Each structure stands twice: as C-alpha cells, then as structure tokens.
Amino acid sequence: MSSNYQPLTPATVAFNEQGVPVHPRYGDVYHPPWGALEQAARVFLRGNGLPQRWQGRDTFTVCETGFGLGHNFLALWQSWRTDPQRCCHLHVVSFEAHPFNRGDLAQLLGRLTGAERGLADQLIQAWPPLLPGLHRLEFEGGHLTLTLAFGQIERLARQVTARVDAFFLDGFAPRVNPQMWSRSLFGQLVRIANVGATAASWCCAGEVRRSLRDAGFLVSKAAGYGGKREIMVATLRPGLGCPIVDTRRRDPVMIVGGGIAAAGVAQALSLRGHAVTVLDPVFTAGLGAAQRGHIAVALSPVISRDDDLRARLARAGVSRALQRWQGLTGQARPWRCGTLQLATTQADALEQQRALKELAFPSDWVRWLDAEAAAQQAGVPLSRGGLWFADGQRAQPERLLEALLTLPEVYCIGKAAARLGQTDTGDWAAFDAQGSLLATATQLVLANSSAVSSLLATLTQPVSLPKVAAMRRIAGQVAYFQGGKAGEAHSVVAGNGYWLPAVTGLCTAGSTYLPDADASHLSEKALAQIAQQASALLGLAQQDLGARPGKNKGWAGWRAAVSDRLPVIGRIDGYPGLWLASGYGSRGLTWSALAGDVIAAELRGEPAILERELLRKIAPR
Ligand SMILES: Cc1cc2nc3c(=O)[nH]c(=O)nc-3n(C[C@H](O)[C@H](O)[C@H](O)COP(=O)(O)OP(=O)(O)OC[C@H]3O[C@@H](n4cnc5c(N)ncnc54)[C@H](O)[C@@H]3O)c2cc1C
Ligand SMILES: C[S@@+](CC[C@H](N)C(=O)[O-])C[C@H]1O[C@@H](n2cnc3c(N)ncnc32)[C@H](O)[C@@H]1O
C-alpha cells in the first residue's frame with residue numbers, strides 16, 4: 001500500500017513582465033526570454049551531441065527532468081523527424097510534478113509557430129488526464145514514445161526503468177528547486193543510464209556540477225549562447241552504465257494459450273514487428289473461441305483512498321486498453337460508455353466521496369454523481385448515487401480476440417502444448433501429447449491461465465514459483481436479459497455485481513463466483529443468483545429485469561487468480577526468454593493490453609510502462 005499518497009498540484013498559467021511563462025510558487029521562468037526552442041536546440045540537443053548520436057542506432061532514449069510546457073520534447077521530435085539518418089525508435093521519459101491541464105497547455109503552446117506547432121497539436125491531443133504515475137504516449141506510428149512521469153521526481157526517479165542515452169537536466173533554478181539537482185536524483189539517473197550516456201543543462205552552478213560528478217559523470221562546460229556564457233555538458237564515466245541492447249533483432253515469440261491474456265501479448269508484439277505463434281486447441285472452433293458465447297464484458301478503473309497498488313495498476317490497464325483498442329474497428333472496438341460504480345450503502349457513499357476529495361483526481365476522469373444524475377448518465381432508474389468513470393468500457397470479447405489474433409505476423413495453431421523443452425540452440429519448444437514438435441521460438445510466453453503450473457512442471461529443470469503454484473480456478477457465470485426496465489442502459493453499472501449495456505438486444509448481468517468448482521456450467525441456480533444480485537444492484541423487481549432468452553441464457557467460464565488478486569506478468573528469472581501472463585482473475589480485459597506492453601517494453605529495452613514497485617508486485621516471483 002502506498003500510504004504516502006500525494007495529490008498532483010497542476011501548474012497554472014502565469015507570465016513575467018517579459019511575457020515568459022513562470023511558475024508562481026518557484027518564482028522562476030520555464031525558459032529564457034530569447035526562446036524555448038532555441039534553448040532546446042543549443043543546450044539540450046547540441047549539448048548531448050544530437051542529432052549525430054542517434055544516427056546509426058535502432059533505438060535511442062532521452063530522459064528529461066522537467067517536462068514543463070514540452071518545448072524540449074517538441075524540439076527533439078522535430079529534429080528527429082527531419083533527420084534522414086534518425087534512429088528507428090526514439091523514446092523519451094520526462095518527469096513533471098506540476099503538469100498543466102490540457103486546456104492550459106493548449107493555450108501556452110498555441111503561441112508556437114512553425115513546424116513545432118503541428119507537433120504541439122498532436123501532443124495536446126494525446127495529453128493524459130492529470131493522474132499521478134506513468135503515462136505512455138505514442139506518436140509517429142509508435143516510433144516515438146513519450147513516457148510522462150507525473151509526480152515528484154524525488155520519488156518517481158526510483159520507480160522508472162529505462163536505458164537512457166541522453167539526459168536533459170531542466171528544473172527551475174537550484175536555489176528554488178533543489179530536488180531537481182540533488183546528488184541522490186543524479187544517482188538514480190546513473191542507474192538508468194546506458195554506457196556512454198551524456199547530460200546537458202543550462203545550469204552550471206558549482207554545486208550541481210559537483211553532485212553530477214559525484215554521481216558518476218565527467219562534467220565540463222561548453223560555450224553558451226544568448227545571455228548565457230557557458231552551459232554544462234557531461235558524459236557518464238567509463239565503466240558505468242547498462243550495455244546498449246541491439247534492438248534490431250526481432251525474436252520470434254511463441255504464446256501458449258489463446259484467450260484474453262494471449263491476445264494482449266500478441267498485439268503488443270505484432271505492433272513491434274515480432275512474429276508470434278499462438279497455440280490453443282480452441283482455435284479449431286475459431287479464433288475467438290476462448291470467449292465464445294460471452295457477449296459482453298466490462299473494464300473499469302477503480303480508486304482507493306490511498307491510491308493503492310491495485311488502483312494504480314487498474315488505472316494503467318484501462319488506459320492501455322484505450323490506447324490499444326480504440327483504434328480497432330467494428331464490434332472489436334470496446335465502447336467507451338463509462339462506468340457507474342454505485343455506492344452499496346450510505347457509508348460506502350460517504351467513503352467514495354471522501355476518497356475523491358483526498359485523491360483530488362480530475363473530475364473528467366472520475367466524479368461523484370447523486371442518484372438522479374447517475375440514473376441519467378446510465379440510462380436506468382437508480383435510487384443511489386456513485387462514482388462515474390468516463391473511461392469505463394464495454395467490450396465484446398469474442399470479436400476483440402478475433403481482431404487481435406489476426407494482426408500482422410500473428411499465426412494461430414489449433415493445438416495444445418503438452419510439454420515444453422529447449423532446442424540445442426537454446427530456443428523454446430512446445431510438443432503435443434504425442435511428442436510431436438508444434439513450434440519453437442526464442443521467447444515463450446505462457447498465457448494458458450490456471451494450466452501454467454502443470455506446463456512448467458514438464459520442463460526438465462522445473463521452475464519453482466510458489467505464487468503461481470497456489471493459483472486457484474474460480475468458476476463463474478453471467479446471465480442475459482432482454483428488454484426490461486434497464487434494457488436501455490448506456491453505461492456499465494457496477495456494485496455488488498454488474499449490468500452491461502445490451503449487445504444485439506441482450507443485457508449482460510454478472511456474475512457468480514465458485515472457487516474450486518469441478519466444472520463451470522450454466523445452471524438454473526446460477527441464473528437465479530445472478531437475477532437476484534442484478535435486481536438488488538439496480539433496485540428493480542426481478543420481473544422488471546426483462547425476459548430470459550429461450551436459448552442464449554448466459555455464459556459459463558473460468559477465472560484464474562492468485563491470493564492478492566493481481567495479475568502475474570513478467571519474465572521468469574533464471575529462465576532466459578520465458579515469460580508469464582496469467583492470473584487475470586475477474587479483470588482479464590483490464591490486464592490484457594497492459595501485460596502486452598509490460599512484456600514487449602522489457603523485451604525491446606523500451607522504458608517500462610509501469611513503476612518498478614508495480615512491476616515487482618505482479619512479477620511471477
Ligand atoms: C463469468 C465470468 C465473467 C467475467 N466477466 C469479466 C468482465 O466483465 N471483465 C473482465 O475483464 N473479465 C471478466 N472475466 C474474467 C476473464 O474472463 C478472465 O480474466 C480471462 O478470460 C482470462 O484470460 P486468460 O487468457 O488468462 O484465460 P482463458 O480465457 O481461460 O484462456 C486460456 C486459454 O489457454 C488455453 N490453454 C490451456 N492450456 C493450454 C495448453 N497446454 N496449450 C495451449 N493452450 C492452452 C485454453 O484453451 C484457453 O483458451 C469474467 C470471467 C468469468 C468466469
Ligand atoms: C524549467 S521548467 C522545464 C521546462 C521544460 N523542459 C520545457 O521544455 O518546457 C522545470 C519543470 O520542472 C518541474 N518540477 C519542479 N520541481 C519538480 C519536482 N520535484 N519533480 C518533478 N518536476 C518538477 C516544474 O514544474 C517545471 O515544469
């Protein structure tokens with residue numbers, strides 16, 4: 001639990017007498033009067049040997065200590081996109097304790113002219129809600145990524161994973177903003193630096209130079225420009241830094257399992273140009289067969305008063321799902337219909353409102369609605385209020401699976417892996433029950449839900465993962481209703497159970513939980529239990545929920561969960577090339593795209609999309 005939660009304090013628009021943006025609390029300017037883009041080019045790019053240093057590289061990573069208005073980012077982007085010899089992938093990580101809200105940023109960047117203006121429009125379009133933590137933005141078809149770390153750098157620098165080649169040190173003046181120039185911060189920057197990394201800053205203060213040197217940089221001064229005589233440049237001391245990874249290689253990947261977990265990983269790897277082989281016997285009945293008959297599912301953010309790990313992970317998951325799936329077409333694209341999380345009691349309502357106040361999240365991301373407003377928002381009669389999450393979504397899982405599993409370079413084989421092994425060259429191999437080789441690949445992702453342990457046990461050198469070995473299977477059912485007083489619902493309604501907007505006239509109500517059941521099937525008992533739950537949730541008599549369809553009454557399936565109810569995602573230490581994506585419990589859709597990008601980012605040496613403490617929490621060990 002992160003008990004030391006600190007709400008973000010957004011910046012406000014203010015200018016000094018020269019018309020330069022200032023932060024009133026620090027009493028300092030965002031850039032010198034002779035121009036932000038000029039400073040970016042002459043201090044941060046030139047001081048780091050750019051653009052030359054990214055030429056000939058496949059991937060290059062820049063880390064900036066203060067994002068501010070994004071001028072440095074925009075100048076970097078413009079320089080990169082106009083360089084015919086640019087690296088294929090440019091990753092930027094940037095910290096910001098006081099982000100501007102989208103409207104204010106648009107107003108400030110609206111003053112730009114020239115090529116950067118168009119780039120600024122794209123940045124503003126992609127600008128995330130002002131929520132603490134990491135936000136991954138993508139531009140130029142994913143070739144340029146921006147990982148914004150919203151929060152105090154003194155806490156967040158420890159949480160970032162990256163392989164940085166150039167640092168832009170750009171805080172306010174050390175006198176008013178010492179946190180941005182401390183020895184301990186620079187120590188964290190060295191932790192994420194690549195061999196040969198460089199740093200540059202307009203700040204030449206003796207104390208800053210000493211701190212940077214003590215942290216591991218060789219520091220010197222270079223000629224300045226404008227009103228500045230000198231700038232600071234630095235190079236990581238030989239012997240320090242991570243080795244540079246060759247990202248040109250695209251390892252082939254095999255995924256065992258063809259459900260929601262596998263599809264998220266397949267998509268993330270396909271987007272990055274990997275060939276992916278997916279094995280699942282259900283494919284003989286169609287690519288979406290793992291969710292056949294499950295007409296609708298929900299994915300919704302959650303909050304907790306202290307913004308605990310689960311809430312932070314779910315937030316990241318929902319945001320990844322939006323980013324990855326809103327570009328899909330037809331029924332594969334989840335509907336961003338919003339989620340109403342109803343308060344279950346009066347005490348719960350007070351708790352929800354207290355949490356909102358303490359978290360200080362933006363109201364366009366989450367807000368409290370009283371019963372009347374909630375009913376209007378959801379399109380169903382309601383007698384209680386609750387939290388409104390605009391990012392809540394209703395997905396059609398079978399359609400989604402079909403879309404993700406037919407992406408370029410994804411090859412699906414309708415067979416079960418009965419045994420795993422390794423080839424003479426160290427690749428992973430999967431065999432069927434008759435011992436025939438099904439596929440080989442350098443990287444292997446196990447996404448076969450509760451069956452991961454039994455498959456791991458087939459390795460000649462078995463893997464000990466107590467958390468995974470204790471994974472439980474939980475059977476569950478949903479029921480469908482036609483017409484009725486909540487038949488026109490146009491958002492997800494959740495509380496004890498949930499009610500989803502109709503797909504082809506059928507609303508989905510969920511769900512039952514039967515831990516350690518031998519089988520999962522739709523029974524009259526399960527249907528009655530769901531009807532009772534839905535009626536209590538919506539405050540409707542059971543007969544008002546609508547008719548039960550004659551044939552398509554509902555869906556029965558399985559969840560797999562570990563004790564903390566968080567997913568298990570990541571590399572299995574000690575087994576190069578072996579990964580896990582499992583234990584998704586009741587939130588398969590929330591973890592699917594997230595897991596894909598967690599795994600793909602690590603595989604490709606990109607900045608991680610999650611904080612280190614979150615990655616540790618979901619790691620297989
Ligand atoms: C009633 C119910 C309602 C739910 N509602 C929601 C919801 O609204 N929102 C939400 O986000 N989540 C929901 N879930 C949870 C969601 O369905 C799961 O989290 C999700 O299905 C997990 O995906 P998975 O790919 O890990 O597992 P699965 O969907 O179980 O897929 C695993 C696949 O692995 C395959 N496999 C197993 N062993 C092997 C092998 N040896 N070789 C090859 N393939 C193998 C299986 O055939 C299977 O297709 C619900 C679950 C239930 C039961
Ligand atoms: C000089 S401005 C950066 C200008 C920016 N690079 C640009 O291109 O517009 C310094 C930035 O550091 C941010 N900052 C100050 N203290 C911080 C802290 N402790 N953690 C993270 N960011 C901080 C400020 O909010 C401000 O946006």
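**Figure 1. Length of helix H15 in the predicted model.** Helix H15 runs over residues 524-538, 15 residues in total. At 1.5 Å a residue the helix should span 21 Å, and its end C-alpha atoms lie 21 Å apart, so the two values agree. Just after H15, Gly539 adopts a positive phi of about 70°.

**Figure 2. Buried and exposed residues of H15.** The buried residues of this helix are Ala526, Leu527, Ile530, Ala531, Ala534, Ser535, Leu537 and Leu538. Because they cover an arc of only 165° around the axis, they fall on the same side of H15. An α-helix has 3.6 residues a turn, so residues three or four places apart point the same way. Lys525, Gln532 and Ala536 are exposed on the other side of H15. Which strands are included in what covers the buried residues of H15? Among them are strand S14 (339-342), strand S23 (472-482), strand S24 (492-495), strand S25 (497-503) and strand S26 (506-510).

**Figure 3. Ser523, in the loop between strand S27 and H15.** Strand S27 covers residues 514-515, and Ser523 sits in the loop that lies between this strand and H15. Ser523 counts as partly exposed because its relative accessibility is 25%, where the range for this class starts at 20% and ends at 50%. Ala126 is 397 residues from Ser523 in sequence, and the C-alpha atoms of the two residues are 46 Å apart in space.

**Figure 4. Cysteines Cys63 and Cys204.** A search of the whole structure returns 0 disulfides. Why does Cys63 have no bond to Cys242? The cysteine sulfur closest to that of Cys63 belongs to Cys242 and is 12 Å away, which is too far for a bond; a disulfide would need the two sulfur atoms within 2.5 Å. Cys204 is likewise in no disulfide, its nearest cysteine sulfur being that of Cys203, at 6.9 Å. Cys63 has a relative accessible area of 0% and is therefore buried. Cys204 also counts as buried, because its relative accessibility is 15% and the cut-off for buried is under 20%.

**Figure 5. The largest cavity and its lining.** Searching the whole structure gives 2 cavities of 30 Å³ or more. The volume of the largest cavity is about 100 Å³. Which residues line the largest cavity? The lining consists of Arg57, Thr59, Thr61, Arg163, Asp165, Asn194, Pro243, Ile244, Val245, Thr247, Arg604 and Gly605.

Methods:
Residues are numbered from 1 along each chain as its sequence is written. Chains are lettered from A and ligands numbered from 1 in the order in which they are written. This is a predicted model: local features need pLDDT of at least 70, side-chain atom pairs count only at pLDDT 80 or more; totals for chains, interfaces and linings use all residues. Side-chain values use heavy atoms; hydrogens and water are left out. Buried means under 20% relative accessible area, exposed over 50%, partly exposed in between (1.4 Å probe, protein chains only). Helices (H or I, at least four residues) and strands (E, at least two) are DSSP runs, numbered from the N terminus. The expected span of a helix is 1.5 Å times one less than its number of residues. The arc is that of the directions from the helix axis to the C-beta atoms. Contact means heavy atoms within 4.5 Å. On a 1 Å grid over the protein atoms alone, a cavity is a set of points where a 1.4 Å probe fits but cannot get out, and a pocket is an open set with protein on both sides within 12 Å along at least five of seven lines; lining residues have an atom within 4 Å of a point. Grid points are joined across faces, edges and corners, and a volume is the space filled by probe spheres set on the points.
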